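Q: I'd like a close look at one pair of neighbouring strands, and then at how the rest of the fold sits around it. Here is the model.
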Amino acid sequence: MKDVMILTGAGQIGMAIARRIGFGKKIVVGDKSLKNAETIAKIMNEAGFDVTPMEMDLSSRESIRNLIDEALKYGEISMLVNAAGVSPSQAPVEAILKVDLYGTAVLLEEVGKVIKEGGVGVTISSQSGHRMPALTPEKDELLATTPTEELLSLEMLQPENIRDTLHAYQMAKRCNEKRVMAEAVKWGERGTRLNDIAPGIIVTPLAIDEFNGPRGDFYKNMFAKCPAGRPGTADEVANVAELLMGPAGAFITGSTILIDGGATASYYYGPLKPQE
Ligand SMILES: NC(=O)c1ccc[n+]([C@@H]2O[C@H](COP(=O)([O-])OP(=O)(O)OC[C@H]3O[C@@H](n4cnc5c(N)ncnc54)[C@H](O)[C@@H]3O)[C@@H](O)[C@H]2O)c1
């Protein structure tokens, strides 16, 4: 029996990572859009991979468990790649918190219970998590350790404390980083590792929705004025995943790697710094 990779999110970033490290594995890909999952399954199966598509909703624990149960039918789970998510221009505040914040936390928890020794996981947060001022240590700890079913009841996540969808997205992505730290401790007890990648602007359907959305000019300015002077590609995110998930990354766990062409650096100390 082959080892199994669970891939959530049949988007460009998820597919690029799966193509880079999914050889020789059974890949079970879950996406809210079965069509998206089927599309990448076809592309990858025609390129020598072994991919089974499934419909799944990251915001539902039942749906996550269902995906894991299906994956376990093929063998032991040795890899998790979570690249499912919704962006600020794609969904309202509530959906962003339910999918990107709560759903990610549940997925890391549930896969953490079953992943085999030596297994590795990676989740995708965002540079957006680095664009807010630091939260208090108490708030960080709440995001890291609050039991998953209580997360969405945290006061800081209530509608009166969330300004708009961008703020919801930033909080979700900050939470992803904190959750990865706390979960990596538990994953370590099973001899497994878990990390996070925080990408800047990567050209994918999600980013294209942002370019065409209400903050389009803001995004285009961001990549024009970042040190790299361009948006990134999903394959460049896969470069980082390959390091984190392979033997060269054996000492890396509980980490977030920022890959943003320097946009965050410029936001704090360069031309992208917000004007007072
Ligand atoms: N593209 C960027 O510029 C960028 C930057 C930073 C972070 N990210 C993050 O990368 C991840 C992947 O995004 P992408 O750019 O590859 O986008 P994408 O649009 O190519 O893929 C995202 C996929 O997630 C799926 N999805 C949405 N809601 C879901 C749900 N509830 N359950 C299951 N699947 C769901 C979508 O159907 C889609 O197939 C997201 O978490 C996103 O926030 C993207």
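How many bridges join strand E2 (residues 26-31) to strand E3 (residues 50-55), and do the two run parallel or antiparallel?

A: Six bridges join E2 to E3, and the two strands run parallel. (Strands count as paired when DSSP finds at least two bridges between them.) Within the pair, Val 28 stands opposite Thr 52 of E3. Helix H2 (residues 34-45) completes the motif: E2, H2 and E3 make a right-handed β-α-β unit, where right-handed means that, with the strands pointing away from the viewer, the path from the first strand over the helix to the second runs clockwise.

Before going further, a word on what you're looking at: this is a predicted model, where local features need pLDDT of at least 70, side-chain atom pairs count only at pLDDT 80 or more, and totals for chains, interfaces and linings use all residues. Numbering starts from 1 along each chain as its sequence is written.

Now back to E2 and H2, since both are packed against by the buried residues of H1 (12-21). Those H1 residues also pack against strand E1 (4-8), strand E4 (77-82), strand E5 (120-124) and helix H9 (234-245). (Contact here means C-beta atoms, placed from the backbone, within 7 Å.) H1 is mostly covered, with eight of its ten residues buried, among them Gln 12, Ile 13, Gly 14 and Met 15. (Buried is 20 or more other C-beta atoms within 10 Å of a residue's own, exposed is 12 or fewer, and partly exposed is in between, with C-beta atoms placed from the backbone.)

H1 also takes us to the ligand: H1 and helix H7 (205-211) each supply at least two residues of the shell around it. There are 30 residues around the ligand, and Gly 11, Ile 13, Gly 85, Thr 204 and Leu 206 come nearest. (To count, a C-beta atom placed from the backbone must lie within 6 Å.)

From E5, follow the bridges: five of them join E5 to strand E6 (residues 193-199), again parallel, with Gly 121 partnered by Leu 194 of E6. Four bridges then join E6 to strand E7 (residues 256-259), also parallel, and there Ala 198 has Leu 258 of E7 as its partner. E6 has seven of its seven residues buried. Both of its faces are covered, with Arg 193, Asn 195, Ile 197 and Pro 199 on one side and Leu 194, Asp 196 and Ala 198 on the other.

Just past E7, Asp 260 lies in the loop leading to helix H10 (263-269). Asp 260 is buried because 25 other C-beta atoms lie within 10 Å. Leaving aside neighbours within four places in sequence, Asp 260 touches Gln 127, Pro 199, Gly 200 and Cys 226, so Pro 199 of E6 turns up again.

Zooming out, the protein chain has ten helices and seven strands. (These are DSSP runs numbered from the N terminus: H or I of at least four residues for helices, E of at least two for strands.) Its radius of gyration is 18 Å, close to the 19 Å of the globule rule for 276 residues, so the chain is as compact as a globular protein of that length. (That radius is taken over C-alpha atoms, and the rule is 2.2 Å times the number of residues to the power 0.38.) The C-alpha atoms fill a box of roughly 60 × 40 × 35 Å along the principal axes. Of the 276 residues, 49% count as buried.

Conventions: Two residues are in contact if their C-beta atoms, placed from the backbone, lie within 7 Å.
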